[in-house]
Amino acid sequence: MTATTLSAEPASAPRPHMDPAFDASLGGAQRYRAAPRPAPQPARRPVPGRRVTWVLPDEPAAVTQARHLIGETLTGWQVPDQIDVAELLADELITNALHHAWGKPLLTLSLIDGVLRCEVNDLSPELPRMRQPDADETSGRGLLLLERLSLRWGSVRTYSGKVVWFEMAARS
């Protein structure tokens, strides 16, 4: 709700509204003026058909299944240039959910105002931490990929675990 500002005469001033001569001296000016209200801004919601969520299996096949779902969805949304990077980054999030959490991960894609957002929910409340793996390590680079290939990414705890997300510019 927006507050309305009123400008009025001080409380100690006489109230001349009963004096027709004073009212005429105002030349039709208003004694009380409300500040203009800003136009209401629409809520930012996904366009119908531009948000989809899947429950993935709690097994390695979830990564392959997610790749197919992302490819089909982004093709349908006419964002084909982002398929490879979106699949790669989603793979990292899903793999982390399968290795470090439990239960079936949820994968959500949305396209809002030219921004593609991918979210992976899992049941572990532990938030991911970026680290610098040694050169001979075979894992630990997923968050570095997120950092370099996405516009922004983050994670937040939920009532049932956490969600890790990334956003990319949606070029069609």
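# A tour from strand to core

Start by selecting Val120: its bridge partner in β7 is Val164. Strand and helix labels here follow DSSP runs (H or I, at least four residues, for helices; E, at least two, for strands), numbered from the N terminus. Two strands count as paired if DSSP finds at least two bridges between them.

Before moving on, a word about what's on screen. This is a predicted model, where local features need pLDDT of at least 70, side-chain atom pairs count only at pLDDT 80 or more, and totals for chains, interfaces and linings use all residues. Residues are numbered from 1 along each chain as its sequence is written, and side-chain values use heavy atoms, with hydrogens and water left out.

**The whole chain**

Zoom out and colour by secondary structure. You should find four helices and seven strands, and from the N terminus on they run β-α-β-β-α-α-β-β-α-β-β. Of the 172 residues, 32% count as buried, meaning under 20% relative accessible area with a 1.4 Å probe and protein chains only (over 50% is exposed, in between is partly exposed). Among contacts with a separation of 6 or more, 61% are between residues 24 or more positions apart; a contact means heavy atoms within 4.5 Å.

**Strand β5 and its partners**

Now select residues 115-122, which make up β5. This strand is mostly covered, with six of its eight residues buried. Add β7 (161-169): the two strands run antiparallel and are joined by eight bridges. Then add β4 (106-112), which pairs with β5 in the antiparallel sense over seven bridges. One spot to check in that pairing is Leu106, whose bridge partner in β5 is Asn121. The hairpin of β4 and β5 has two residues between the strands, and there Asp113 takes a positive phi near 50 degrees.

**A lysine in β7**

Stay with β7 and pick Lys162. Is Lys162 buried or exposed? Lys162 is buried, because its relative accessible area is 6%. What does the side chain of Lys162 make a polar contact with? Its partner is the side chain of Asp122, at 2.9 Å. (A polar contact is a pair of N or O atoms within 3.5 Å; within protein, one must be able to donate a hydrogen and the other to accept it, and residues adjacent in sequence count only if both atoms are side-chain atoms.) Show the backbone oxygen of Glu126 too: it sits 3.0 Å from a polar atom of the Lys162 side chain. Leaving out residues up to four places away in sequence, Lys162 touches several others, including Val120, Ser124, Pro128 and Arg157.

**Trp54 and Pro105**

Jump to β3 (residues 51-55) and select Trp54. Trp54 counts as buried because its relative accessible area is 16%. Its C-alpha is 5.7 Å from that of Leu106, although the two are 52 residues apart along the chain.

Next, select Pro105 in the loop between α3 and β4. Pro105 has 1% relative accessibility, so it is buried. Beyond residues up to four places away, Pro105 touches Trp54, along with others including Leu56, Ala97 and Val120. The C-alpha atoms of Pro105 and Trp54 are 8.5 Å apart.

**Helix α2**

Select 61-76 for α2. Its 16 residues reach 23 Å from first C-alpha to last, close to the 22 Å expected at 1.5 Å a residue, where the expected span is 1.5 Å times one less than the number of residues. Its buried residues, among them Ala62, Ala66 and Leu69, pack against β3, α3, β4 and β5. Thr73 is in this helix as well, and Thr73 touches Val52, Trp54 and Leu109, again not counting residues up to four places away. Just after the helix, look for Gln78, with a positive phi of about 60 degrees.

**Finish in the core**

A nonpolar core is a set of buried Ala, Val, Leu, Ile, Met, Phe, Trp, Tyr and Cys residues joined through side-chain atoms within 4.5 Å. Which residues of the largest core touch the most other members? Select Leu56, Ile94 and Leu107, out of 29 residues. Elements that each supply at least two residues include α2, α3 (83-100), α4 (142-149) and β7; α3 gives the most, with eight.

Last stop: Ile94, which touches Leu56, Ala62, Val63, Ala66, Leu107 and Val120, not counting residues up to four places away.
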